[in-house]
Amino acid sequence: MAEVVLRDVCKRYGNYNAVDNVNLTIRDKEFVVLVGPSGCGKSTTLRMIAGLEEISGGTIAIGDQIVNDLPPRERDIAMVFQNYALYQHMTVYDNLAFGLRNRKVPEDTIKAEIDRAVDILGLRDLLKRKPRELSGGQQQRVALGRCIVRHAKVFLFDEPLSNLDAKLRAHMRLELKRLHRRVETTAVYVTHDQVEAMTLGDRVVVMNNSRIEQVGTPWEIYAHPRTRFVASFIGSPAMNFLDGKVRRNGSGFYVQAPGGTFHVSDQGSSELAAHDGGEIIVGLRPEHISLSETRTENALHGRVELTEQLGAEQLVEVIAEGAKIMVSRVDAERELKPGTPVYLTVEPGQLRYFDRITEERLV
């Protein structure tokens, strides 16, 4: 096992910066997830760690060794790809043994390592099959098995679940968490799916426009986003954003927003003092909004636009002075017809405020 350290790592293609000055330390035995939209640089970062892409600047260290100039086979890493990369003409056993045989590992040692891996992954009954005879989830487990038999210092995962259906993806997420607890290897996982990032990662690295926007535990990223982008990318449904104006009210402040006003908690007053009279962005998570059909204090007024049934609950889209606001965790049996007037309240401590220009979080 080993720590992975990236210092000022860059990747340039001509004048285009695919990865721009990335600094990140992945601790020994930690499971870190790189997440972000397409083109943000997350897969390129992973491929530079693997040695599949040359870096344009900076250093990458695995353990106590800088690996900038080492080929992939000398970095002691194991990688699982999106398409599994299994040899179609080989049995499962031979796929698992292939890498070890290339390293001239004795056959009895190979058998022992495969026995260990198939017990962990439940592959014993599949050893004589070929990849075309396996389901997507079974092929994924074979690809994971090739990592396990290697005893590599670092496991790298490049969107390994993206080809699976929704139910199987949820199952495989749990299998990956169990695998990491048992194998305890440093792991770096790339995905565009924020649900995968939040459920799998010990820490989550949110990337955007070739840079790291925030690093933290799933809860830190969700509850304390540093920027509007992080707040919008993490969470499902996504955070609502409204244009707001800061106004003083005696010793405190309130924020005027479409459809009404929000009183600012005492904790946030000092941060907003510098914006008195100015414009900011207000962030409201759908799950923190309470919906009422009777007038309440400190609430936004709007009308129901549409509803989306999700089984135990429903999503409700509300229009407040032209602004769309999504509300979740509304009882599924509650009938809300389009045009119904409603009032939306949020606890002051659950509101998030962002600078209108920099889009960094104020409170």
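What follows is a walk through the sheets, helices, hairpins and salt bridges of this predicted model.

Because the model is predicted, local features are described only where pLDDT is at least 70, and side-chain atom pairs count only at pLDDT 80 or more, whereas totals for chains, interfaces and linings use all residues. Residues are numbered from 1 along each chain as its sequence is written, and side-chain values use heavy atoms, with hydrogens and water left out.

A convenient place to begin is the open sheet, in which six strands follow the order β6-β7-β8-β3-β9-β10 with mixed pairing; helices (H or I, at least four residues) and strands (E, at least two) are DSSP runs numbered from the N terminus, and two strands are taken to pair if DSSP finds at least two bridges between them. At the edges stand β6 (77-80) and β10 (211-216), each of which pairs on one side only. From one strand to the next the twist averages 20°, where axes are lines fitted to C-alpha atoms, for helices over the stretch in contact, and angles run from 0 to 180 degrees between N-to-C directions. Within this sheet, β3 (residues 31-35) and β9 (residues 203-208) run parallel and are joined by four bridges, and V33 has V204 in β9 as its bridge partner. Helix α1 (residues 42-50) packs on the sheet and touches β3, β6, β7 (154-158), β8 (186-191) and β9, contact meaning heavy atoms within 4.5 Å; the direction of α1 makes about 150° with that of β7. Helix α4 (residues 136-150) also packs on the sheet, where it touches β6 and β7, and its direction makes about 180° with that of β6.

From α4 the description can pass to helix α2 (residues 92-102), whose buried residues are V92, N95, L96, A97 and L100; here buried means under 20% relative accessible area, exposed over 50%, and partly exposed in between, with a 1.4 Å probe and protein chains only. An α-helix has 3.6 residues a turn, so residues three or four places apart point the same way. The cover over the buried residues of α2 includes α3 (107-121) and α4. After α2 comes K104, which has a positive phi near 65°.

Other strands pair in the antiparallel sense. Strand β1 (residues 4-13) pairs with strand β4 (residues 57-62) over five bridges, with T59 in β4 as the bridge partner of R7. In turn, β4 runs antiparallel to β5 (residues 65-66), to which two bridges join it, and A61 stands opposite I66 in β5. The hairpin of β4 and β5 has two residues between the strands, and G63 in its turn has a positive phi of about 65°.

Further along, strands β11 (residues 240-249) and β12 (residues 252-257) pair in the antiparallel sense over five bridges, and K245 has Q256 in β12 as its bridge partner. Their hairpin has two residues between the strands, with G250 taking a positive phi near 65°. Strand β12 is also joined by four bridges to β13 (residues 260-263), running antiparallel, with G260 in β13 as the bridge partner of A257. This hairpin, too, has two residues between its strands, and G259 in the turn has a positive phi of about 90°.

The final topic is charge pairing. Side chains of opposite charge can pair when their charged atoms come close. If a salt bridge is a side-chain nitrogen of Lys or Arg within 4 Å of a carboxyl oxygen of Asp or Glu, the count comes to 20 salt bridges. In one of them E53 pairs with K11, the closest N and O atoms being 3.8 Å apart; this pair links distant parts of the chain, with E53 in the loop between α1 and β4 and K11 in strand β1, 42 residues apart. K11 is buried, with a relative accessible area of 9%.

R211 and D20 meet in another salt bridge, at 3.0 Å from N to O. Because R211 lies in strand β10 and D20 in strand β2 (residues 16-26), the pair ties together parts that are 191 residues apart in sequence. R211 is partly exposed, at a relative accessible area of 42%. E279 and R356 also form a salt bridge, with their closest N and O atoms 3.3 Å apart; E279 lies in strand β14 (residues 279-284) and R356 in the segment after β20 (352-355), so this pair joins parts 77 residues apart in sequence. Both count as partly exposed, E279 at 42% relative accessibility and R356 at 34%. Finally, K111, D115, D119 and R124 are linked in a network of salt bridges.
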